[in-house]
Amino acid sequence: MRMPAVILVAFVVVGCSASPYVIKPKPERNPVHSHPVFVVSHGWHAGLIVSAIDVNQAVPDLQSRFGNAAFYEIGWGDKSFYQAQDITIGLTLEAMFCSEGAVLHVVAMDDIPERYFAGEPIISTCLSGNEQAALRAFIASSFAKDASGQVVALGPGIYGNSEFYEGVGRYSLLNTCNMWTAKALRSAGLDIHPTSKLTAGSVMNYLGGHRRSCSTIVSN
């Protein structure tokens with residue numbers, strides 16, 4: 001009778017210990033939530049949308065590639081599956097059980113997310129300064145680096161002005177693309193549990209019930 005509980009605990013422990021790892025934001029006495037972040041659902045996959053200017057601080061190679069973009073949509077996934085033009089059962093099983101590594105898909109956006117992804121579900125929330133910093137660090141830690149400390153570009157992405165990059169970690173049933181998005185949100189200070197977020201819908205449902213409005217900073 002105890003086996004299901006043991007399996008559940010093992011699932012949580014392995015899922016939480018898989019890289020890239022959650023980065024906890026530093027505490028703040030009077031946080032002001034003024035930094036928007038978005039999640040878009042593509043059906044099977046939830047993509048994270050963040051300020052390009054902010055991410056460029058931690059990953060300056062992106063600005064060299066994309067110029068002065070307004071936002072980036074970033075997704076993490078299996079190296080072979082994510083980049084494949086034709087999805088097969090073999091690729092799906094390989095991603096689940098013997099992934100060769102991970103990639104990041106970065107899409108540069110010159111318009112606001114709601115216009116760029118018109119017709120697709122998008123939910124936003126707002127972060128404090130320390131939450132934004134932790135999210136930025138988590139994103140940066142998800143990129144693999146070469147010997148000179150540069151991110152590793154792998155080729156054109158799936159749509160728009162996009163690129164694939166070598167990622168950190170390894171995809172599996174216990175470390176999926178949607179769990180990566182949930183880890184990003186947890187790094188951003190939300191009390192989301194990545195190990196239970198297997199689907200894009202589960203990420204969207206959580207964020208929809210825990211969204212924050214953006215505060216306006218008034219200067220004297």
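## The disulfide

A disulfide here is a pair of cysteine sulfur atoms within 2.5 Å. With that cut-off in hand, let's look at this predicted model. Searching the whole structure turns up one disulfide. Its partners are cysteine 126 and cysteine 214, whose sulfur atoms sit 1.5 Å apart.

The torsion about the S-S bond of cysteine 126 and cysteine 214 comes out at about 55°, so this disulfide is right-handed. Cysteine 126 belongs to strand S5 (residues 122-127), while cysteine 214 falls in the segment after helix H9 (200-209), so the bond ties together parts that are 88 residues apart in sequence.

## Accessibility of the cysteines

How do the two ends of the bond fare for exposure? Cysteine 126 has 0% relative accessibility and therefore counts as buried. Cysteine 214, at 43% relative accessibility, counts as partly exposed.

Another cysteine worth a look is cysteine 177: its relative accessibility is 4%, so cysteine 177 is buried. This residue also appears among the buried residues of helix H8, which brings us to that helix.

## Helix H8 and what follows

How many of the 11 residues of helix H8 are buried? The count is 10, so H8 (residues 177-187) is largely enclosed by the rest of the structure. For anyone following along in the viewer, the buried residues of H8 are Cys177, Asn178, Met179, Trp180, Thr181, Ala182, Lys183, Ala184, Leu185 and Ser187.

Just after H8 comes a backbone detail to check in your torsion plot: glycine 189 adopts a positive phi of about 95°.

Note on methods: Residues numbered from 1 in each chain as written. Predicted model: local features only at pLDDT ≥ 70, side-chain atom pairs only at ≥ 80, totals over all residues. Heavy atoms only, no water. Helix = DSSP H or I, 4+ residues; strand = E, 2+ residues; numbered from the N terminus. Buried < 20%, exposed > 50% of the residue type's maximum accessible area, 1.4 Å probe, protein only.
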